[in-house]
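Trainee: I'd like to go through how the labels on this model are earned. Can we take them one at a time?

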Amino acid sequence: MEHQQAGNEGATLSQRGRSFIKPKNVIEQAFDECSKNGYDPKKNPTGIINLGVSANGVMFDVLKDKITETGFFDSCTIDHFNYFGGMDDTSHAMAAFLMKYAGSVKPIKRENVVVMNGLTTIVHCLAQVICDEGEGILIPTPLYAGFISDLNVQANVSICPVHLSSEKGTDGTAFQLTVALLEKGLSEAQEKGVKVRGLFITTPHNPLGCIYTKKELLSFMEFCKRHGLHFVSDEIYLTTIFGAGKQAVSALSIEENPLDDDHFHVLYGISKDFAANGVRIGGLVSWSDSVVKSMNSLLTFNQTSGLACYVFSKLLLDEKWLEEVFFPTNRRRLLELYEYTAQFLDTIESVSYIPTATGLYVWCDFRKVLDEPTFEAESELNRRMMKAGVALNPGGGFWCKEPGWFRLVFATHKEYLKEAFDRLRGVLST
Ligand SMILES: Cc1ncc(COP(=O)(O)O)c(C=O)c1O
């Protein structure tokens, strides 16, 4: 076991217990500071405005109206342990939802969906189900930062980075993922002696916001097939699309999928699409009996609450409300906030960004603002932003190879954004 220990701390713990004690990374530290001293225009006007955490803060009113409707809770049964029933309803609802919104070419039945308390838990359990300790998973970087602890902390699985570059690729976009880069990442990991077991992708991507095309997804699947790797597609932002005419392509919708059931895994959760990070529901779609059985053995420790299951099983199945109320309102609000953010960024000469049509954030290029192209300079800029009362997440936390990139989350109230942008302008003008 490759345990890192933090000094003498936890001397009375098991070796494993000690290995869980790790210093907080830059993103976790910023989150702590924002929690202790969060901005509130009336109660704490000098607090920090959090544009770091990927949360949708503008849909609570719509959710509240729905779940407080008369009759919503009429048949709620929360009197049994959840793994004897409640999560079954959520598996069924998520299966039906993904058949429609992911356009699955293969029928998804309730027994193909394992539901746990968030995608974080699903990733952490799936990593243990498909990898032994010390084995590795390929992940393109910049990556979703949560994967670091999901894979490392208990599963003790290594992330084998596939570094992407901001140089425009053959498709004219920055940070393009290609099979050639996947091959390179795989060889580099193997040269270090790591046994690579799979590839994780996110689409729509966090933090880049890109959507992989069908052709790209197929090429990633074929790469996995060639090397006997598990293919894992995290689609937690599946319906968080606000750009006109844009749609995510789910790996579930690919007819030519060359992978067998044991190597193909799709992840979905409600945290982003339903503005519900705090509810804790995530699911794995799998047609592999052994994967499902193995994951189900871990369910006892990772159940989600019956109340959460009740509410979201109903919402996931309420097509009329989704189509007529929730999705259009969400899209309209996110588009307005994104455009407001883009307009602000357009006025700052030293900062550019990758235009996006998905997600809750923009991937911004602050490289020209750094005193020198180093991660120390990136941290220094981050400190200056925090001091001025605005938190973005620096690219180092996402394992971006080039210092100077930051993720800016815009899915918050416009007045908060306005204040945050005034503060950022102040930082950039000094
Ligand atoms: C790509 C991605 N996967 C998984 C998660 C974790 O989601 P959950 O809240 O369901 O644990 C997040 C949350 O930020 C995410 O962005």
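Mentor: Sure. Start with the word "buried": a residue earns it if 20 or more other C-beta atoms lie within 10 Å of its own. Keep in mind that this is a predicted model.

Trainee: What makes α10 largely enclosed by the rest of the structure?

Mentor: Nine of its twelve residues reach that cut-off and are buried, so α10 is largely enclosed. Among them are G306, C309, Y310, F312 and L316.

Trainee: How do you know how the length of α10 compares with the expected one?

Mentor: Helix α10 covers residues 306–317, twelve in total, and 16 Å is expected at 1.5 Å a residue. From first C-alpha to last, α10 reaches 17 Å, which is close to that.

Trainee: And what does the same check say for α13?

Mentor: Helix α13 has 15 residues (414–428), so it should span 21 Å; its end C-alpha atoms are 21 Å apart, and the two agree.

Trainee: Which residues of α13 are buried, and how do you know where they sit around the axis?

Mentor: L417, A420, F421 and L424 are buried. They cover an arc of only 105° around the axis, so they are on the same side of α13. The buried residues of α13 pack against β1, α11, α12 and β11.

Trainee: Why is M59 called partly exposed?

Mentor: Buried takes 20 or more neighbours and exposed takes 12 or fewer. M59 has 18 C-beta neighbours inside 10 Å, so it falls in between and counts as partly exposed. M59 is in the loop between β1 and α3. Leaving out residues up to four places away in sequence, M59 touches A275 and N330. M59 and I78, 19 residues apart in sequence, are 26 Å apart in space, C-alpha to C-alpha.

Trainee: Now the sheet. What makes β2 and β4 edge strands?

Mentor: Seven strands form an open sheet, ordered β2-β8-β7-β6-β5-β3-β4, with mixed pairing. β2 (113–116) and β4 (158–163) each have a single partner strand, so one side of each is left without a neighbour in the sheet. On average, neighbouring strands of this sheet are turned by 25° against each other, ignoring direction.

Trainee: How do you know that β3 and β5 pair?

Mentor: Pairing takes at least two bridges. Three bridges join β3 (residues 136–141) to β5 (residues 196–202), so they pair, and the two strands run parallel. For I137, the bridge partner in β5 is G198.

Trainee: Which helix lies across β3, β4 and β5?

Mentor: That's α7, residues 179–191, running at about 140° to β4.

Terms used. Residues numbered from 1 in each chain as written. Predicted model: local features only at pLDDT ≥ 70, side-chain atom pairs only at ≥ 80, totals over all residues. Helix = DSSP H or I, 4+ residues; strand = E, 2+ residues; numbered from the N terminus. Axes fitted to C-alpha atoms, helices over the stretch in contact; angles between N-to-C directions. Contact = placed C-beta atoms within 7 Å. Expected span 1.5 Å × (residues − 1). Arc of directions from axis to C-beta.
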